[in-house]
Amino acid sequence: MALKDITLGQFFPGSSPIHRLDPRAKLIGLVLYIVALFLAGRWVSYLVVFLALALVVALSTVRLRALVRGMKPVLFLLAFTAVLNLFYTPGRPLVSFWIFTITDEGVVRSILMVARILMLISCTFLLTYTTSPLALTDGLESLLSPLKRVRLPVHELSMIMSIALRFVPTLIEETDKIMSAQRARGADFDSGGLVRKAKALIPLLVPLFISAFRRADELATAMECRCYHGGEGRTRLHQLRFGPGDGLFMAAALSLAVGVGVLAHFGW
């Protein structure tokens, strides 16, 4: 797996209907979609959830290749989840060898769990692909603004999340540059077993941490030079406003969650 396959935190500018949605509507829609995912029970409800995701992906004009490439870092998690559900789910035995038994219910649950994880990751990636970090920060801060009454630092937490998302691609690019420089000096990161590969990555940590701390210090200096002192009394250049499309999107997401819940209740 190449580091460039990690696409979390990247933003693909566009003018699609999904790009134009209010970030608060997308965050609410994401939460409702995740609720629908965990309410889904069998094939029919999973098919409904998948078709909803496919429709949003089509409307977003995000390339399917970008979503598929983002799945590569979680292949081990998918395989581990599939194996656990395959061998440790009770049901009618299909294949039995040594201490392992594959059941019909295990096969079904493995497929459904892998599909759930894939759709969960896809909808999360779709949010960052179609929403800039600044808009995401503003939307999250607006949604959490009622918590300011209990003195929760909403603005600061939103800013931390935004900075973290913004610097994920930067740190990945920096790591790739350091690895290329180490390879040019004869370092080998690909051969050997898992332990040897882990040891080969240790020389990357020191320059990577130095680079991360340097960037953090430069960012802090830049924010201080611009008189940043937290969110108290700050105004925004672009005010967030809900439009008809945002209301329609949230209503569709709510209908999806309720509909999937009803299907799951009837065993579908």
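## A walk through the helices and ring pairs

T61 is exposed, with 57% of relative accessible area, because a residue counts as exposed once the value is over 50%. This residue is found in the loop between α2 and α3 (64-71), and the phi angle of T61 is positive, near 60°, although T61 is a residue other than glycine. Like everything described here, these values were computed from a predicted model.

With that loop as a starting point, the whole chain can be considered. The protein chain holds 10 helices and two strands, and from the N terminus on its elements follow the order α-α-α-α-β-β-α-α-α-α-α-α. Of the 268 residues in the protein chain, 32% count as buried.

Two of the helices can be compared by their axes. The axes of helix α2 (residues 43-60) and α5 come within 11 Å of each other and cross at roughly 25°. Since angles under 35 degrees count as roughly parallel, α2 is roughly parallel to α5. The crossing of α2 and α5 is, in addition, left-handed.

One residue of helix α5 deserves a separate look, namely R116, whose place is in that helix. R116 is buried, with a relative accessible area of 13%, and the reason it is given this label is that buried means under 20%. Computed along the sequence, how far apart are R116 and F50, and what is the distance between them in space? They are 66 residues apart in sequence, while their C-alpha atoms are 9.2 Å apart in space.

The aromatic rings offer another way through the structure, and the count comes to four aromatic pairs. In one of them, F12 and Y129 form an edge-to-face pair, with 4.9 Å from centre to centre and 65° between the planes. Because F12 lies in the segment before α1 (23-39) whereas Y129 lies in helix α5 (residues 104-130), this pair ties together parts that are 117 residues apart in sequence. As for the surroundings of the two partners, F12 counts as partly exposed at 28% relative accessibility, whereas Y129 is buried, with a relative accessible area of 0%. Ring pairs also link F12 and Y129 with F125, so that these residues form a cluster.

A second pair, formed by F76 and F80, is stacked, with 6.3 Å from centre to centre and 15° between the planes. Why are F76 and F80 separated by about one helical turn? The reason is that F76 and F80 are four residues apart in helix α4 (residues 75-87). F76 counts as exposed at 67% relative accessibility, and F80 is partly exposed, with a relative accessible area of 47%.

A ring can also have a charge over its face, as R24 shows: R24 lies over the face of F242, at 4.1 Å from the ring centre.

The last stop is helix α9 (residues 202-225), where an expected length can be checked against the model. At 1.5 Å a residue, the 24 residues of α9 should span 34 Å, and because the end C-alpha atoms of this helix are 35 Å apart, the two values agree. After α9 comes C227, whose phi is positive, near 60°.

Technical notes
Residues numbered from 1 in each chain as written. Predicted model: local features only at pLDDT ≥ 70, side-chain atom pairs only at ≥ 80, totals over all residues. Heavy atoms only, no water. Phe/Tyr/Trp six-rings, centres within 6.5 Å; stacked < 30°, edge-to-face > 60°. Buried < 20%, exposed > 50% of the residue type's maximum accessible area, 1.4 Å probe, protein only. Lys NZ or Arg CZ within 6 Å of the ring centre and 35° of its normal. Expected span 1.5 Å × (residues − 1). Axes fitted to C-alpha atoms, helices over the stretch in contact; angles between N-to-C directions. Parallel < 35°, antiparallel > 145°, perpendicular 65-115°, else oblique. Left-handed = near helix turned anticlockwise from the far one by under 90°.
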